Amino acid sequence: MSHKPNIALLATGGTIAGAATSASDTTGYAAGTIQISALLEAVPGLDAIADIQAETLFSLDSKDMTPAHWLALGQRVQSVADQNDIDGVVITHGTDTLEETAYFLHLTLTTYKPVVLTAAMRPATALSADGPMNLFAAVSVAGSADFRALGTLIVVNDRIFAAREASKWHTRAVEGIGSPETGALGWANPPRLNRPPLARDRALLPLAAIDAAHWPPAVEVFYLTAGASPALLDAAIHDGLRGAVLACAGHGSLPDDWLPAIERAIASGCAVVRASRVAQGGVDAVRGPEGLLHAGTLSPSKARIALMLSLASAAPERFGEITR
Ligand code: SIN
């Protein structure tokens, strides 16, 4: 790209826009309170690498992000990415649910232009805040033609990650997000791609095909601790649940006393996915009642998103296409 790239910057809140009363406070602060203009002013040299069109979509602590926000954000990202004069999109977001928003966008956007989420673990008011460098690096990646057609990306802490592969893995460290199994795709500053993502699951359901009136289908994750009650699943089915992701121990091990409830759920038409609560390794399709789906390498929260989209597509079997 010979010209200075045009980047659409969409702010949604998070710690990157967070303010604390003390510069040493990195946990007791209000997320999503600082204006996007102030974030941009804190990044010297940004105007030398890109022309930025910034807008604030939400000012949320990302714990409050919902599938309705994903849809509104996705529609805006698709709309700016479809503009001829935009080269890439950067989204600022909280780290807490960033991996979910990123994976939703990965499964729904149809664009070859780089879409990059970035965040911060330290609020903007902190000593050595990580947000400004993360924002600079995210804009660099979004403006680079090397990062086209790779699906949705995450740039934090000098590294680039694939939406499918990354998760939050530390509650307070600056390296709060990583790809535990597969590692980074490359380095962010300056941008360098060392390997492509495992991007076999793009556009499972394009945004335009999502019926907002019926979004989201009711899909929940059940965390199976020792002795957890299967009555939870029965109760949720009774309440109209359409999909259940079981975050099981180990290699997706199903407790014997859950099997009857799982069989009842499947028989009632609820899609049931076996996943693991362990961060690495995934699950193979080796066990479980007839009709049970398997998450493969998807985490429970990402399996939930893939299942929501599969159910919304009226082709639930599509879930299996991306977890092979
Ligand atoms: C949030 O997710 O909005 C708060 C936490 C963070 O951004 O690190």
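A residue counts as buried under 20% relative accessible area, as exposed over 50%, and as partly exposed in between. Aspartate 234, with a relative accessible area of 28%, is therefore partly exposed. Please keep in mind that the model in these close-ups is predicted.

**View A. A salt bridge between aspartate 234 and arginine 264.**
The closest N and O atoms of this salt bridge are 2.8 Å apart. Its two ends belong to distant parts of the chain: aspartate 234 sits in helix H6 (residues 231-238) and arginine 264 in helix H7, 30 residues apart. Like its partner, arginine 264 falls in the partly exposed class, because its relative accessible area is 46%. In the whole structure there are seven salt bridges, and the next two views show others from that set.

**View B. Lysine 63 meets aspartate 64 in a salt bridge.**
Here the N to O distance between the side chains is 2.8 Å. Are the two partners buried or exposed? Lysine 63 has a relative accessible area of 55% and is exposed, while aspartate 64, at 38% relative accessibility, counts as partly exposed.

**View C. Glutamate 321 and arginine 318 form a salt bridge within helix H9.**
The N to O distance for this pair is 3.5 Å. Both residues lie in helix H9 (residues 318-323), and they are three residues apart, about one turn of the helix. Glutamate 321 is partly exposed at 35% relative accessibility, and arginine 318 is partly exposed too, with a relative accessible area of 26%.

**View D. Phenylalanine 104 and tryptophan 215, one of three aromatic pairs.**
The structure holds three aromatic pairs. In this one, the ring centres of phenylalanine 104 and tryptophan 215 are 5.7 Å apart and the planes make 45°, a tilted arrangement. Phenylalanine 104 belongs to helix H4 (residues 98-108), whereas tryptophan 215 belongs to the loop between strand S10 (191-193) and strand S11 (219-223), so the pair ties together parts that are 111 residues apart in sequence. Phenylalanine 104 has 0% relative accessibility and counts as buried; tryptophan 215 is buried as well, at 9%.

**View E. Phenylalanine 222 and tryptophan 258, an edge-to-face pair.**
Why is this pair called edge-to-face? The ring planes stand at 65°, with the centres 6.4 Å apart, and planes over 60 degrees apart count as edge-to-face. Phenylalanine 222 lies in strand S11, and tryptophan 258 in the loop between strand S12 (243-248) and helix H7 (259-267), so this pair ties together parts that are 36 residues apart in sequence. Both residues are buried.

**View F. Rings in a cluster, and a charge over a ring.**
Trp70, Phe104 and Trp215 are linked into a cluster by ring pairs. Another ring, that of tyrosine 103, has the charged end of lysine 302 sitting over it, 5.9 Å from the ring centre.

**View G. An open sheet of four strands.**
In which order do the strands of this sheet run? The order is S11-S12-S13-S14, and the pairing is parallel. At the edges are S11 and strand S14 (293-294), each of which pairs on one side only. Between S12 and strand S13 (residues 271-276) there are six bridges, and these two strands run parallel. Glycine 243 has alanine 271 in S13 as its bridge partner. Helix H8 (residues 300-312) packs on the sheet and touches S11, S12, S13 and S14; the direction of helix H8 makes about 165° with that of S12.

**View H. An open sheet of eight strands with mixed pairing.**
Following the sheet across, the strands come in the order S2-S1-S3-S4-S5-S6-S9-S10. Which strands lie at the edges? They are strand S2 (51-60) and S10, each pairing on one side only. From one strand to the next, the twist averages 25°. Strand S1 (residues 6-13) pairs with S2 in the parallel sense over seven bridges. Glycine 13 stands opposite leucine 60 in S2. Helix H5 (residues 131-142) packs on this sheet, and the strands it touches include S1, S2, strand S3 (88-92) and strand S4 (115-118). The direction of helix H5 makes about 155° with that of S3.

Technical notes: Residues are numbered from 1 along each chain as its sequence is written. This is a predicted model: local features need pLDDT of at least 70, side-chain atom pairs count only at pLDDT 80 or more; totals for chains, interfaces and linings use all residues. Side-chain values use heavy atoms; hydrogens and water are left out. Rings of Phe, Tyr and Trp (its six-membered ring) pair if their centres lie within 6.5 Å; planes under 30 degrees apart count as stacked, over 60 as edge-to-face and the rest as tilted. Buried means under 20% relative accessible area, exposed over 50%, partly exposed in between (1.4 Å probe, protein chains only). A charge sits over a ring if NZ of Lys or CZ of Arg is within 6 Å of the ring centre and within 35 degrees of the ring normal. Two strands pair if DSSP finds at least two bridges between them. Contact means heavy atoms within 4.5 Å. Axes are lines fitted to C-alpha atoms, for helices over the stretch in contact, and angles run from 0 to 180 degrees between N-to-C directions. A salt bridge is a side-chain nitrogen of Lys or Arg within 4 Å of a carboxyl oxygen of Asp or Glu.
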